[in-house]
Amino acid sequence: TGVVVDLGCGDKPYREYIKAKKYIGVDRQNGEVTADVLNTPLKSNYADTVISTQVLEHVQDPQQLFRESKRILKKGGYLILTTPMVWPLHDEVDDYWRFTDLGLRHLAKNAGFKVVDCQPMGGFISIIWQMTAALLERPTYHRGFFRSLLKIMLKPVFWLIQPLIYWLDCQKPIKGLTMSHCLIAQKK
């Protein structure tokens with residue numbers, strides 16, 4: 001509810017799911033506000049919620065993203081942040097970090113947040129599956145017609161196997177081994 005700021009919104013994949021009074025995407029290219037996520041022109045105590053999905057690994061100063069989130073949040077507002085722990089390099093010009101839940105909790109507390117929760121997203125089986133899928137879909141391995149055919153054939157397989165992968169991950173999780181984390185923190 002209220003005002004939601006999406007730091008590093010990219011092409012705004014979650015916009016349609018946010019039913020807030022006001023949504024503001026902040027990004028270097030695609031946002032309603034064109035700015036660096038570490039130093040936005042937004043007023044202090046402006047937002048009810050800040051979301052940042054798969055962005056933290058791309059900023060040179062992760063602590064600054066937490067400080068900037070706290071600055072623009074109203075008292076009692078929430079930061080909802082996801083970031084990978086096990087993931088191949090991507091956007092290699094700006095791919096600096098991978099985070100554990102302990103690291104995320106530390107960054108949040110150091111910025112003055114109260115950590116509400118930090119949950120793993122995707123376990124050991126998901127990691128194996130994702131790396132296999134990345135290898136199969138890798139465009140440098142396949143060209144032209146064969147690549148198009150492979151993508152068409154793989155898409156239904158991916159959709160069908162995802163529930164099984166999730167179920168297997170839930171059966172015997174390996175603590176500390178996850179693809180990503182989701183942190184929820186509250187401004188005190």
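## Exercises on pockets and sheet

The largest pocket in this predicted model has a volume of about 710 Å³.

**Exercise 1.** State which residues lie closest to the centre of the largest pocket, and how its lining divides by residue character.

*Solution.* Begin with the lining, which comprises 28 residues, the closest to the pocket centre being Gly8, Gln54, Val55, His58 and Asp91. Then sort the lining by residue character, which gives 11 nonpolar, 10 polar and seven charged residues.

**Exercise 2.** Describe the second largest pocket, and determine which element gives the most to its lining.

*Solution.* Start with the volume, which is about 500 Å³ for the second largest pocket. Next, take its 23 lining residues, of which Pro120, Met121, Gly122, Gly123 and Thr178 are the closest to the centre. At least two lining residues come from each of strand 6, helix 3 (124-137) and helix 4 (144-171), and helix 4 gives the most, with five residues. Finally, the division by character is 11 nonpolar, nine polar and three charged.

**Exercise 3.** Work out the strand order of the sheet, and explain why strand 3 and strand 6 each have one side without a neighbour.

*Solution.* The open sheet holds seven strands in the order 3-2-1-4-5-7-6, with mixed pairing. Strand 3 (33-34) and strand 6 (113-121) stand at the edges and have a single partner strand each, so one side of each lacks a neighbour in the sheet. Moving inward, strand 1 (residues 3-7) pairs with strand 4 (residues 47-53) in the parallel sense over three bridges, and Asp6 has Ile51 in strand 4 as its bridge partner. As a last step, add helix 2 (residues 101-110), which lies across strand 5, strand 6 and strand 7 and runs at about 160° to strand 6.

How values were computed
Residues numbered from 1 in each chain as written. Predicted model: local features only at pLDDT ≥ 70, side-chain atom pairs only at ≥ 80, totals over all residues. Heavy atoms only, no water. Pairing = 2+ DSSP bridges. Helix = DSSP H or I, 4+ residues; strand = E, 2+ residues; numbered from the N terminus. Contact = heavy atoms within 4.5 Å. Axes fitted to C-alpha atoms, helices over the stretch in contact; angles between N-to-C directions. 1 Å grid on protein atoms, 1.4 Å probe; cavity = no way out; pocket = protein on both sides within 12 Å on 5 of 7 lines; lining within 4 Å. Points joined across faces, edges and corners; volume = space filled by probe spheres on them. Nonpolar A, V, L, I, M, F, W, Y, C, P; charged D, E, K, R; others polar.
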